[in-house]
Amino acid sequence: MAERFLVGSFGEPEGLLAAVSTLRDAGVAIHDVFAPYPVHGLDQAMGIRRSRLPWITLLAGLGGLCFALAFQYYTAVFDWPLDVGGKPENSTLAFVPICFELTVLIGGLGTVGAFLLRARLFPGKREQLPVLGVTNNVFALVTPLQGEGNEAELARQIMLENGADEVEERETES
Amino acid sequence: MSAGTIEPTTGAPETLPATRWIEGTPSLHRITTDISRPMEARPGRGWWICFAISSLAVLNLLGMVTYLFAKGIGIWGLNNAVGWAFDITNFVFWIGIGHAGTLISAILLLFRQKWRTSINRSAEAMTIFAVMCAGLFPLIHMGRPWDAFFIFPYFPNQRGPLWVNFRSPLVWDVFAISTYFTISLVFWYLGMIPDLATLRDRATTGIKKLVFRVLSLGWNGSQRTWSRYEIVSLVLAALATPLVLSVHSIVSTDFATSLVPGWHTTIFPPYFVAGAIYSGFGMVLTLLIITRQTMHLERYITTNHLEAMAKVILLTGSLVGYAYATEFFNAWYSGNVHERFHFINRATGPYAWCFYLMVLCNVLTPQIFWWKRARRNIPVLFVASILINVGMWFERFVIIVVGLHRNFLPSAWGMFYPTVFDVGILVGVFGLFFTLFLLFIRALPMIAMWEVKGVSHG
């Protein structure tokens, strides 16, 4: 079923920030905000909590580290012990550089992969833009429209008071 | 006024005015159109001339590498004394060039330096192209390049249970360079996704829209995504910062873990990293001075940016000079006869001219940047950046060839003279680098639009 939204377009981030705060104070839910660049203070205004993606970095990085250590140990000590200049088979110190590189590689790739999954970004995905120009110079504030007329009217009024250039109702394409 | 509170004095401002990194206050739409222009307009005559010259050099590279594969590395001027010369010099040189890009994109992001925003995208592109050029040399200097994949451990292991020697710095190098390339590429692409979405929404033709739609992954500027995106950028920057320091440190261990006089020193890792950033900034300066002029992007790449880079060059150039002095001091102070001989030979032997050229370019040239007028003078900056590139190439040549040509036994001494193939491949790789860069500035946004918007309006 297609969902209905109220979309307010702003030309400047200041009005948008003020509108977001006022709407939240008035108890109106905010679906999302769309901007051409990350606006400072918007996360706090919208109440978005800090992403937990760095935990994925930690886990993936630790995974890379363990894999690198285990793999080097397995090849150099178990699978084919080779005397290289009389060095010990388990030359742990010499394994450190590759452990570090794989920690960074797998930690980095894991984080980016998790980000793309979480943000549902994938090649060829059809973009859903609330208004044209959100990737150029328009800031769009989107609130869900749920049956009751009063809340929608209040949201429209708050957006217009804070300098929205245009407020329109839109439906998701489904 | 009550006691205990300090009122600001009226009249003179309390702090210096903030440096402006964008000239004027262009509107958001203006920023989009200015930065998209080089990709949407037809290229000018200057671009075509540069492209023609650089692609000729690439053709030359293709021809020479083909001949190299057919005949073997005997066509280079290598001999029993000097078994490593232009190939490894070029490798270290190009890896070093890449370091400035990561410094600008990652380290300056962590330090919250706003001046990185106009130059980070092109510097990161430069990193990727430089690492590609560097990666070519270990490949082509192998006697049997078709067996190059042997340097990677892989499953199923078709060499019996024999594995690569993980204790060898050459294997560390393989891991360091491939990790560096991958992470740089991912960081560069991730940073470009919002701009690719901007280009998608500007695209007028179907094919362009399709390409940008695939590449922009459906980006729509949602704040929830932006919020995560900024965290991921910080995480990647935090990972790339120690990574970039590790890469040239590991490259330096290729030399430092050997016993060759002049190579066997503990100063190598920090010395190589400082030199890498120094040479990289030289190359960034060369490229940006040319592109800002030809692409008319002076509003975004301002003299303030160039001045900031000149300051980094002054710092890293002085560190490199200090490292040269330390090497000489230690050769004398250690009392090691081989080490002493090496440094006397470096300054007075047959390759002494390379050494003096290197000192002139790397130690003396950057000192001009103590003067603000020099830091803001485009011709001075341009000439200095070229000299730095020349000097840093010769630094690696001096370390490698002078180290090898006269080591322990005089009966094993020799001289290295480059052949036409040594020089031709060197020129060809510069062609490859500039061809890739020229294509980049035509096909992708060379300035990060969204970051510039954030700096000028945020």
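**View 1. Chain A, with its 5 helices and 4 strands, in a predicted model.** Followed along the sequence, the helices and strands of chain A come in the order β-α-β-α-α-α-β-α-β. The radius of gyration of chain A is 25 Å, well over the 16 Å that the globule rule gives for 174 residues, and chain A is therefore more spread out than a compact globule. The C-alpha trace spans about 80 × 30 × 30 Å along its principal axes, and 37% of the 174 residues of chain A count as buried. If one considers the contacts in chain A between residues at least 6 apart in sequence, 80% of these contacts join residues at least 24 apart.

**View 2. The two assigned domains of chain A.** In the domain assignment, domain 1 of chain A is made of residues 4-50 together with residues 127-171, while domain 2 covers residues 53-118. The C-alpha centres of domain 1 and domain 2 of chain A lie 45 Å apart.

**View 3. Strand β3 of chain A and the strands that pair with it.** Strand β1 (residues 4-10) of chain A runs antiparallel to strand β3 (residues 139-144) of chain A, and the two are joined over 6 bridges. Strand β2 (residues 32-34) of chain A also pairs with β3(A) in the antiparallel sense, here over 3 bridges. Which residue of β3(A) is the bridge partner of A:G8? It is A:L141, and A:L141 is likewise the bridge partner of A:V33.

**View 4. The side of chain B that touches chain A.** Here 50 residues of chain B are in contact with 57 residues of chain A. On the side of chain B that touches chain A, at least two residues are supplied by each of α1 (28-40), α5 (169-202), α6 (206-215), α7 (223-256) and α15 (449-457) of chain B. The largest share, 15 residues, comes from α7(B). Sorted by character, the residues on this side of chain B divide into 25 nonpolar, 18 polar and 7 charged.

**View 5. Helix α1 of chain B and what its buried residues pack against.** The 13 residues of α1(B) should span 18 Å at 1.5 Å a residue, and this agrees with the helix in the model because its end C-alpha atoms are 18 Å apart. Which residues of α1(B) are buried? They are B:L28, B:I31, B:T32, B:I35 and B:P38. An α-helix has 3.6 residues a turn, so residues three or four places apart point the same way. The buried residues of α1(B) pack against three helices of chain B, namely α5, α14 (420-443) and α15.

**View 6. B:V273 in helix α8 of chain B.** Helix α8, in which B:V273 has its place, is formed by residues 268-294 of chain B. Why does B:V273 count as buried? It does so because B:V273 has 23 C-beta neighbours inside 10 Å, where 20 or more are needed. Leaving aside residues up to four places away in sequence, B:V273 touches B:L245, B:H248 and B:S249. B:V273 and B:V244 are 29 residues apart along the chain, and their C-alpha atoms are separated by 8.4 Å.

**View 7. Helix α13 of chain B, a mostly covered helix.** Helix α13 (residues 378-405) of chain B has 28 residues and reaches 40 Å from its first C-alpha to its last, which is close to the 40 Å expected at 1.5 Å a residue. Of the 28 residues of α13(B), 20 are buried.

Conventions. Residues are numbered from 1 along each chain as its sequence is written. Chains are lettered from A and ligands numbered from 1 in the order in which they are written. This is a predicted model: local features need pLDDT of at least 70, side-chain atom pairs count only at pLDDT 80 or more; totals for chains, interfaces and linings use all residues. Two residues are in contact if their C-beta atoms, placed from the backbone, lie within 7 Å. Ala, Val, Leu, Ile, Met, Phe, Trp, Tyr, Cys and Pro count as nonpolar, Asp, Glu, Lys and Arg as charged, and the others, Gly among them, as polar. The expected span of a helix is 1.5 Å times one less than its number of residues. A residue is buried if 20 or more other C-beta atoms lie within 10 Å of its own, exposed if 12 or fewer, and partly exposed in between; C-beta atoms are placed from the backbone. Domain bounds come from an automatic or database domain assignment. The radius of gyration is taken over C-alpha atoms; the globule rule is 2.2 Å times the number of residues to the power 0.38. Two strands pair if DSSP finds at least two bridges between them.
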